Amino acid sequence: MNWQGVIEQYRRYLPVNEQTKVVTLLEGNTPLIPVPRFVDAIGGRFELYLKLEALNPTGSFKDRGMTLALTAAKTRGAEVVVCASTGNTSASAAAYAARAGLRAAVVLPHGKIALGKLAQALIYGARIVPIDGNFDDALNLVRALGDEPGVEIVNSINPFRIEGQKTAAFEICDALGRAPDFHFIPVGNAGNITAYWKGYKEYHAAGRVGTLPRMFGWQAAGAAPIVENRVIAQPETVATAIRIGNPASWQAAVAARDESGGVIGSVTDGEILHAYQLIAARDGIFVEPASAASLAGVIKAHAAGDLPAGSVLTATLTGHGLKDPDTAISVSDKLRPPVKPTLSAVLEVIRG
Ligand SMILES: *Cc1c(COP(=O)(O)O)cnc(C)c1O
């Protein structure tokens, strides 16, 4: 049968019943792609598979959780869904709210949202409330809005979000026929690392896989509250999707790390942008900077000697590179001035 979205595919593992009217854009079923050229470039002797979450309907993994969150909101009779967002949550909430026939309202840190994500929230028809504050301020406001009648919060503090997002771990196990040895993932608000770990554990408990991966999560060095074990008041990083100083799922992320024998480490913006360019140039995969934190983490763990030869690694690439074209252009060679429209002039540029 054709793919029906993550709720239909994994119904028995999710909080839905026969009567549930599912709100879906047929998210999920994203590719798990091997990247041998990237592994060669960094001198690795492991297998690395990337979960391309950019290929969800709004271009990020947020859609997996949003199908469940909007399904639940609709079932409960909500009128408005609200979220704070570094961008992708608002894009996804706005799309799924449109699909459900509900209003979406998004509270955003003014001037800190990648252009493509803002464009998405606007075109899907969300009510956008920019604030003079950062993501953490926005989330505090949204928590208060949740007490208003008819309002449903769809940030990852909404447990339905985590439930939906865990389906990515199921898909990875289904595609590999086993669990990976290591799973690499960026950590912002820490909902996704929480969701993956939950998914791997549930699949293991259900007998679908025989082992569990070690969870290797990565924060940006300027926004690394879990690594530094303190709230970061003014988080800063080029990876805007993980520019978070006080993660909502902090304790659950620490539990995922400790239960799995994993690591939550940090990578610098320089390391993130290096991985960002390398995966595009070596394997033709264009992700947004936050996604490249996974790969910067692979490079760092490999350099530290943590990845035995023959290991099977998976890494989540959380969102699409086209959402943040400014960063791609700023790290690339400048566009050249035009040349004469002659074969020799063009060849000179190509061969030069
Ligand atoms: C939301 C998001 C993250 C961070 O995920 P958390 O669940 O907040 O840790 C990373 N990358 C992208 C592209 C995102 O949209």
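The structure holds nine aromatic pairs. One of them is the stacked pair of Phe184 and Trp218, with 6.3 Å centre to centre and 0° between the planes. The model is predicted. This briefing covers the aromatic pairs, the ligand site, Asn88, two residues with positive phi, and helix H6.

**Aromatic pairs**

- The pair of Phe184 and Trp218 links distant parts of the chain, with the two positions 34 residues apart in sequence numbering.
- Phe184 belongs to strand E7 (residues 182-186), and Trp218 belongs to strand E8 (residues 214-220).
- Both Phe184 and Trp218 are buried.
- Elsewhere, Tyr10, Tyr13, Phe170 and Tyr203 are joined into a cluster by ring pairs.

**Ligand site**

- The ligand is surrounded by 15 residues, of which Lys62, Asn88, Asn189, Asn192 and Thr318 are the closest.
- From Asn88, a polar side-chain atom lies 2.7 Å from an oxygen atom of the ligand.
- Asn189 uses its backbone: one of its polar backbone atoms is 2.8 Å from an oxygen atom of the ligand.
- For Ala190, a backbone N or O atom lies 2.8 Å from an oxygen atom of the ligand.
- On its own the ligand has 380 Å² of accessible area, and the protein covers 97% of this.

**Asn88 and its surroundings**

- Asn88 is part of helix H4 (residues 88-100).
- The relative accessible area of Asn88 is 4%, under the 20% limit, so the residue is buried.
- Besides the ligand oxygen at 2.7 Å from its side chain, Asn88 has a side-chain polar contact of 2.8 Å with Glu288.
- Leaving aside residues up to four places away in sequence, Asn88 touches Ser60, Lys62, Lys117, Glu288 and Lys323.
- Among these contacts, Lys62 is also listed with the residues closest to the ligand.

**Positive phi outside glycine**

- Most residues other than glycine have a negative phi.
- Asn29 has a positive phi, near 55°, and is not a glycine.
- The loop that holds Asn29 runs between helix H1 (6-9) and strand E1 (32-34).
- Asn29 counts as partly exposed because its relative accessibility of 46% falls between the 20% and 50% limits.
- Ala190 also has a positive phi, about 75°.
- Ala190 sits in the loop between E7 and helix H9 (191-205).
- With 4% relative accessibility, Ala190 is under the 20% limit and therefore counts as buried.
- Ala190 thus combines a positive phi with a backbone atom 2.8 Å from a ligand oxygen.

**Helix H6**

- Helix H6 spans residues 135-145, and its buried residues are Phe135, Asp136, Ala138, Leu139 and Val142.
- These residues are on the same side of H6 because they cover an arc of only 155° around the axis.
- An α-helix has 3.6 residues a turn, so residues three or four places apart point the same way.
- The buried residues of H6 pack against four strands: E3 (80-84), E4 (103-109), E5 (127-131) and E6 (151-153).
- At the start of H6, a side-chain oxygen of Asn134 comes to within 3.0 Å of the backbone nitrogen of Asp136.
- Asp136, whose backbone nitrogen is approached in this way, is itself one of the buried residues of H6.

Definitions and conventions:
Residues are numbered from 1 along each chain as its sequence is written. This is a predicted model: local features need pLDDT of at least 70, side-chain atom pairs count only at pLDDT 80 or more; totals for chains, interfaces and linings use all residues. Side-chain values use heavy atoms; hydrogens and water are left out. Buried means under 20% relative accessible area, exposed over 50%, partly exposed in between (1.4 Å probe, protein chains only). The arc is that of the directions from the helix axis to the C-beta atoms. Contact means heavy atoms within 4.5 Å. A polar contact is a pair of N or O atoms within 3.5 Å; within protein, one must be able to donate a hydrogen and the other to accept it, and residues adjacent in sequence count only if both atoms are side-chain atoms. A residue is near a molecule or strand if one of its heavy atoms lies within 4 Å of it. Accessible areas come from the Shrake-Rupley method with a 1.4 Å probe; for residues, only the protein chains shown count as cover. Rings of Phe, Tyr and Trp (its six-membered ring) pair if their centres lie within 6.5 Å; planes under 30 degrees apart count as stacked, over 60 as edge-to-face and the rest as tilted.
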